[in-house]
Amino acid sequence: MNLTELRLLSLEFRRVSSNMLMSDADTSTVQLIRFKVYIDSTPVISDIIQERISGVEYDFRQCFLFEGSNWNYIEPPVDEASHLKAQYDYMSYLCLENKDVKGIAYSFIHRKGSWNDIVRDFLDSAFKPLVDYIVDSMAKKIMILEGEKVMGNIYQNIGNNYGNINAAGRDVNYTGNIINNDIDEIMSLIEKLLPTIQSSELLTEDEKESLTDDLETIKEQVESTTPKFPRIRKALENIKSFVAIASKGAASATTLLTDWKNFVEKVGEFVVK
């Protein structure tokens, strides 16, 4: 798989995993099954998982603790490989038995909130570490391919870099403007902010749809090898307007507003570089 194909796969995985983690109570079972089928049927992702958990002896019931008449709870093991195996095996069990994710989520200790909040909190606690591991592993593969492209005496653009890279043997002078860390930070913030839109009681349905579209637009363009900066700027201006209004009337949402402001700053840096 070449660099472009791997980048596209990374983008696709983020979309599929986001659909699962952000699914509502009524669609969560279907979205979890879709996610499981996707990771099993995609060789690169399946290999990432199996290479880490192959040979690991660990029962998922040691991580996902079922207490009969009491609340169930999650107690992750210290060993990362065991935790990953527990998540994968528990997901396999839920999908194979066609368990209702809504009912399963309610059986675990949860905060007060809507059914959607309960389901999303469960999915995040149960499977987000596995998603993060796959994202990180794919990012490493992309970095390796990028490294291979800069070795030798070359001038070229790599991935989302739109400056020049001059490589001579092992001495690499990087004069590009956009680096992977910028993209990773933006994508991380998008994944964090998207769920807050749907759970907000301060936004109308039209406002939720508009903000979600703006974030999805920026996500799509940032991950693209040829981003359309005018589209990013337009979406960013809409988000800036939202942040400006929210800053005046939501003093209690300091942490959330900080995330939005940080996102606006990061995307702004991305656009002007």
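Two residues are in contact when heavy atoms of theirs lie within 4.5 Å of each other. Keep that in mind for the views below, which all come from a predicted model.

**View 1. The whole chain, before we zoom in.** Take contacts between residues at least 6 apart in sequence: 62% of these join residues at least 24 apart. The chain holds ten helices and five strands. Of its 273 residues, 46% are buried. On the outside, the chain exposes about 14600 Å², and carbon and sulfur atoms supply 50% of that.

**View 2. Inside the largest nonpolar core.** This core has 48 residues, and the ones touching the most other members are Phe13, Ile39, Tyr90, Phe122 and Phe127. Two or more residues each come from helices H1 (3-21), H2 (28-41), H3 (43-53), H4 (80-96), H5 (101-107) and H6. Which element gives the largest share of this core? That would be H6, with 14 residues. Now pick out Tyr90: leaving out residues up to four places away in sequence, Tyr90 touches Phe60, Phe64, Phe66, Ile104, Phe108, Phe122 and Phe127. Another core, of 29 residues, lies apart from the largest one, and Leu193, Phe229, Leu236 and Ile239 are among its members.

**View 3. Ala126, a residue of helix H6.** Helix H6 covers residues 115-150, and Ala126 sits in it. Is Ala126 buried or exposed? Its relative accessibility is 0%, so Ala126 counts as buried, the cut-off being under 20%. Setting aside neighbours within four places in sequence, Ala126 is in contact with Phe64, Ile74 and Gln87. Look for Ala86 as well: Ala126 and Ala86 are 40 residues apart in sequence, yet their C-alpha atoms are 9.4 Å apart in space.

**View 4. A nonpolar patch on the surface.** Here you can see Trp71, Tyr73, Tyr106, Ile109 and Trp115, which together have about 530 Å² of accessible area. One of them, Tyr73, belongs to strand E2 (residues 73-74). Why does Tyr73 count as partly exposed? Because its relative accessibility is 30%, and partly exposed residues fall between the 20% and 50% cut-offs.

**View 5. Helix H8 from end to end.** H8 runs through residues 205-223, which makes 19 residues. From first C-alpha to last, H8 reaches 27 Å, close to the 27 Å expected at 1.5 Å a residue. Try finding some of its buried residues, including Leu211, Leu215, Ile218 and Val222. Charged names turn up in the buried set too, among them Lys208, Asp214, Lys219 and Glu223.

Methods
Residues numbered from 1 in each chain as written. Predicted model: local features only at pLDDT ≥ 70, side-chain atom pairs only at ≥ 80, totals over all residues. Heavy atoms only, no water. Helix = DSSP H or I, 4+ residues; strand = E, 2+ residues; numbered from the N terminus. Expected span 1.5 Å × (residues − 1). Buried < 20%, exposed > 50% of the residue type's maximum accessible area, 1.4 Å probe, protein only. Patch = residues over 30% accessible without salt bridge, like charges linked within 9 Å, V, L, I, M, F, W, Y side chains within 5 Å. Areas by Shrake-Rupley, 256 points an atom, 1.4 Å probe, with all protein chains shown as cover. Salt bridge = Lys/Arg side-chain N within 4 Å of Asp/Glu carboxyl O. Core = buried A, V, L, I, M, F, W, Y, C linked by side-chain atoms within 4.5 Å.
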